[in-house]
Protein chains: 4
Amino acid sequence: MAKRTGEKYEAIIDAAIRVIAENGYHNAQVSKIAREAKVADGTIYLYFENKDDMLISLFNEKMGAFIETVREATARVDSPSDQLRELMRLHFAQLEENPKMAIVTQIELRQSNRKVRQGIAETLKKYMDVIDDIIRSGIEQGIFRPDVDIRVARRMIFGTLDETVTSWIMNGCKYSLMDQVDPIHRLFLDGMGKEAPLQRDAHSEKEGNA
Amino acid sequence: MAKRTGEKYEAIIDAAIRVIAENGYHNAQVSKIAREAKVADGTIYLYFENKDDMLISLFNEKMGAFIETVREATARVDSPSDQLRELMRLHFAQLEENPKMAIVTQIELRQSNRKVRQGIAETLKKYMDVIDDIIRSGIEQGIFRPDVDIRVARRMIFGTLDETVTSWIMNGCKYSLMDQVDPIHRLFLDGMGKEAPLQRDAHSEKEGNA
Amino acid sequence: MAKRTGEKYEAIIDAAIRVIAENGYHNAQVSKIAREAKVADGTIYLYFENKDDMLISLFNEKMGAFIETVREATARVDSPSDQLRELMRLHFAQLEENPKMAIVTQIELRQSNRKVRQGIAETLKKYMDVIDDIIRSGIEQGIFRPDVDIRVARRMIFGTLDETVTSWIMNGCKYSLMDQVDPIHRLFLDGMGKEAPLQRDAHSEKEGNA
Amino acid sequence: MAKRTGEKYEAIIDAAIRVIAENGYHNAQVSKIAREAKVADGTIYLYFENKDDMLISLFNEKMGAFIETVREATARVDSPSDQLRELMRLHFAQLEENPKMAIVTQIELRQSNRKVRQGIAETLKKYMDVIDDIIRSGIEQGIFRPDVDIRVARRMIFGTLDETVTSWIMNGCKYSLMDQVDPIHRLFLDGMGKEAPLQRDAHSEKEGNA
DNA sequence: GATGAATGAGTCTTCATTCAT
DNA sequence: TATGAATGAAGACTCATTCAT
């Protein structure tokens with residue numbers, strides 16, 4: 001029923017991003033999005049099943065393309081450490097270039113209902129898979145510690161990137177996200193600790209015995 | 001106007017947590033919360049300015065107590081590294097003990113409108129301050145690297161804890177969060193990298209020059 | 001949930017009858033009915049589950065009372081023939097006295113959706129039962145022919161009354177329905193035929209053999 | 001503008017009957033009928049002024065042919081009593097042979113708006129004229145009582161047939177309508193009463209004097 | 001003649017909040 | 001203090017109809 005391609009399809013999605021970013025999720029009425037896209041209200045329903053479907057499509061369309069970009073970019077790099085940096089660089093670059101999209105995905109779309117968030121989660125899962133692949137390679141290639149729990153590390157990476165972007169938006173997008181790539185990358189690889197790993201391991205064991 | 005104490009004040013907040021956790025944010029009507037709290041709809045407005053105020057109060061009331069707990073607990077520990085572990089331990093423990101509260105703060109309250117999220121942000125800032133204090137101490141005491149950017153590290157820590165809890169809830173609270181304290185603590189302190197810090201530094205510099 | 005009694009309950013039902021009779025089923029918006037009843041739109045939903053429920057209630061409320069009236073009136077009469085006349089008299093009287101109600105039940109409510117018509121059908125069934133009882137008594141008392149099929153006779157009686165009222169409305173309620181009680185009653189009892197029953201029976205048999 | 005003949009004209013009407021019978025009046029969208037007729041939505045407007053016109057045409061086309069059939073059939077019979085039986089027989093036969101058409105005319109089309117029902121009424125009037133003619137002949141030929149009011153008798157006849165068919169559909173078209181021709185015909189001619197007409201006349205006069 | 005993408009008017013229902021008691 | 005009946009604003013979606021091709 002719903003035609004998921006075409007000029008108007010793109011126009012509606014782009015209009016939705018603008019309207020949601022500028023008015024907030026709860027003030028993004030279908031009629032407002034239609035007006036912004038220069039189509040009739042009913043036209044939206046020729047391209048999307050309903051409003052939820054439009055929001056999910058919006059996210060998947062943009063996020064899907066981003067994931068593809070990340071996959072291709074990381075494939076061109078050998079070292080998992082550099083792949084991770086590339087992923088971070090692209091993650092920040094993509095949102096820094098599209099602050100409206102950033103607002104929509106980081107802030108507004110999180111207010112959506114269960115249905116929308118589930119639709120989003122599926123695509124997000126694919127991004128997690130990309131991160132997982134990098135971590136796994138790193139472990140296999142002996143770049144990352146063999147005892148790193150992939151899921152734990154993935155949550156650290158995604159959680160940090162996500163929180164960093166949200167903070168950036170909440171503070172008005174005033175500074176450059178790109179400047180944070182290296183500091184964060186360093187934190188991921190080396191941690192905050194100053195001591196040599198060996199010593200810290202000993203410390204950790206002491207804790208474990210306590 | 002709004003009386004911010006009393007038996008019914010607490011009853012309403014606790015009822016709100018139960019109702020939101022069980023029905024979801026968008027199905028937590030004032031009348032449903034009133035019924036659960038065994039008061040009349042109008043009574044809620046004797047204790048709260050409006051629904052937003054009730055949700056903000058709910059968060060601040062619970063989060064404020066938690067922050068106090070964390071402050072006290074970390075004050076009893078010397079090493080910033082151990083303070084960080086303690087914070088993580090309490091963070092996970094608190095939410096693992098109150099899954100309903102966890103669902104409300106991690107999932108449902110994020111669907112709230114701008115006003116509520118701003119009210120929440122103020123209290124959250126205090127939690128960030130606690131984290132900042134720990135990092136600052138660590139740097140000052142020479143436990144953490146002096147070139148660690150406090151804000152960057154804080155976002156890593158909070159982002160990771162947040163993502164970890166959200167994941168845990170999304171997966172049905174099936175495993176124990178407490179098991180993740182040490183692996184995450186280790187990641188924060190030592191990073192994922194296998195090489196010695198010195199070598200890794202060199203590597204990092206090479207990257208920087210590239 | 002829905003409070004099915006009270007002053008406002010009656011006011012809404014009466015307003016609905018007026019609005020539907022004057023504007024037609026498809027132009028009887030909830031907001032128009034609310035305004036006519038001098039209540040807020042939302043108030044209607046304190047007394048009815050939804051618009052369908054309101055229409056079904058309207059019919060059942062009025063029809064239920066009518067059926068009760070008919071039951072009581074026919075109970076005060078001995079002869080099934082007179083009971084039938086009494087039913088017809090009340091049927092016509094009730095609608096002649098409330099032309100708006102007549103328009104609503106005979107014309108407008110028939111345009112309603114499946115749900116409403118099913119809700120109406122249940123109550124209508126009770127009216128059919130009253131007719132059936134009269135016919136059955138008539139047969140048992142030897143007033144009506146023993147070979148009369150109750151269902152067939154009931155459909156004749158109800159169909160005739162219904163068509164008579166619909167015709168009357170379609171022609172602008174210009175003549176008196178009450179004048180038709182006796183002619184119709186006579187038709188029901190004696191039929192249109194001029195010949196003696198015996199002769200006609202013979203005729204009928206001849207037909208049956210043909 | 002509207003071309004009222006042709007292959008597609010018939011195809012659209014037949015598609016409309018199927019779609020309405022299967023989906024109900026309120027779910028018989030123009031686009032659904034167009035799809036069923038294997039034409040484009042816009043094509044329907046080359047053959048009909050609008051949707052109402054299509055429904056009215058549908059009824060008139062089919063009902064007009066039926067009335068013609070009845071006129072011809074009754075013309076081949078002498079006795080008005082037999083003419084009446086023939087009309088009933090054809091009425092039931094026609095609908096029993098086309099249950100979809102029966103559903104459309106007896107149930108679904110009655111939910112239509114004022115305009116459609118008025119368009120239908122005109123054709124229905126012609127059917128009433130056929131019934132009137134039979135009754136008039138019967139009276140003139142001394143077969144029916146001279147004091148029978150033609151309009152009253154016509155409403156009894158039509159109302160009974162109509163209610164009988166509606167009942168039959170509502171009960172799932174499980175029994176044969178044809179079996180009811182003779183019982184109903186007998187009721188029309190002889191009535192339900194057991195007593196001799198003379199006695200009943202006396203009774204009736206007593207009523208009339210009351 | 002035929003198409004079908006595009007149009008846009010129209011409405012039921014929810015629920016936070018109030019206020020007379 | 002407490003009640004809860006009443007309020008009324010606000011929005012997603014459908015579908016008959018048009019018209020450029």
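**View 1. A backbone contact of Gly42(A) with a base of DNA strand E.** In this predicted model, a backbone N or O atom of Gly42(A) lies 3.2 Å from a base nitrogen of DNA strand E, which falls under the term polar contact (a pair of N or O atoms within 3.5 Å; within protein, one must be able to donate a hydrogen and the other to accept it, and residues adjacent in sequence count only if both atoms are side-chain atoms). Residues are numbered from 1 along each chain as its sequence is written, and chains are lettered from A in the order in which they are written. Local features need pLDDT of at least 70, side-chain atom pairs count only at pLDDT 80 or more, totals for chains, interfaces and linings use all residues, and side-chain values use heavy atoms, without hydrogens and water.

**View 2. Two threonines at the phosphates of DNA strand E.** An N or O atom in the side chain of Thr43(A) is 2.3 Å from a phosphate oxygen of the strand, while for Thr43(D) the corresponding distance to a phosphate oxygen is 2.5 Å.

**View 3. The surroundings of DNA strand E.** The strand is surrounded by 29 residues (each with a heavy atom within 4 Å of it), and the closest include Tyr47(A), Gln29(C) and Lys3(D). Of the strand's atoms that come within 4 Å of the protein, 71% belong to sugar and phosphate.

**View 4. A salt bridge between chain B and chain A.** Arg186(B) pairs with Asp147(A), their closest N and O atoms being 3.2 Å apart, in a salt bridge (a side-chain nitrogen of Lys or Arg within 4 Å of a carboxyl oxygen of Asp or Glu). Between these two chains the count is 4 salt bridges.
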